[in-house]
Amino acid sequence: MPAARLAGAPMMMKRQSAGSGSANAEMAPEAAEMDGAQSSAPAPPAAQLRTNFQATALFLGSVPLDREGRATVPFTAPDNIGTWVVRAATMVRGPDGATRRFGSAEAHVVARRRLSLLASAPRLVRVGDEFRAGCTVTAVRDGQVTVQAWVKEGTDGPLEWDGPTERTLQVAADTPTEVVFGLRCTGLGPAHLQFAARQGDATDAFELPLDALGLQGPAFLATSFALPASPTPSRTPEAVSLPPAIPGSGRLSITAGVGHLPVVQATGQALVERVAAAMAP
């Protein structure tokens, strides 16, 4: 647990940039790689998965100072690899409550590992997409690095691999090297990609959520009809013509009820989903 020492309050710690380049920005060319096709899926990563990625690691609106005007604030760094900017501001108020003096300071804290991975993947995919996803590998020394990939949901999820799921790279010290794996999107729903790397006793692993969406926005159909009152249960069939769609690229949800509330609820949900679909790239 690192500690940031400052002479003021409040304090905010914000991630500035990746210490060795963003996964989606400039990257070094892919290193020579030796692909090893596997007869079966590898076991889940043994290294601890990094899943806690935050843009702001810490924010404190007020920090008490000692008599020398100093404060020590402990914090637990998130899983991000990169440079954190520590900003602190302080003010002195007069007897009337007005601010008399103001000051600020800034420092940097670098979070890195002997072997680190940064995600290199699309934000979302759609049914039928063939794409590549992987990571950028950075090591503190030259040598071979073995990278393995998993889909957390296995064969029950919307993604499947198109090629080997393990690769061995020859990397140079402090040189970001990208490695990617082929995938196909065959269904809908949330998915989680997992990547793990090892160089000697140095390891790193992370999990990346990825949404698998349909090829088109949601379509909504509604119908209503009157039912005669009856003391015994009865069935009333109703025909609905579904819009054309690629088989396996969507799902059907049916809401039925008595009165106006189900219609109001379905209309509100339809608006929410349409806005979400319009905002998705």
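**Exercise 1.** Is Cys135 buried or exposed, and what is its relative accessible area?

*Solution.* The model is predicted, so local features need pLDDT of at least 70 and side-chain atom pairs count only at pLDDT 80 or more, while totals for chains, interfaces and linings use all residues. Residues are numbered from 1 along each chain as its sequence is written, and side-chain values use heavy atoms, with hydrogens and water left out. Cys135 has a relative accessible area of 0% and is buried, where buried means under 20%, exposed over 50% and partly exposed in between, with a 1.4 Å probe and protein chains only. Cys185 is buried as well, at 3%. A search of the whole structure nevertheless finds zero disulfides, a disulfide being a pair of cysteine sulfur atoms within 2.5 Å.

**Exercise 2.** Work out the strand order of the open sheet of four strands, and then its edges.

*Solution.* The order is 8-10-14-12, with antiparallel pairing; strands are DSSP runs (E, at least two residues) numbered from the N terminus, and two of them pair if DSSP finds at least two bridges between them. Strand 8 (115–120) and strand 12 (159–161) each have a single partner strand, so one side of each is left without a neighbour in the sheet. Turning to the interior pairing, strand 10 (residues 130–139) and strand 14 are joined in the antiparallel sense over eight bridges, and Ala133 stands opposite Phe181 in strand 14.

**Exercise 3.** Locate Asp174 and describe its backbone and exposure.

*Solution.* Asp174 lies in the loop between strand 13 (166–171) and strand 14 (177–185). Although Asp174 is not a glycine, its phi is positive, at about 55°. Asp174 is partly exposed, with a relative accessible area of 48%.
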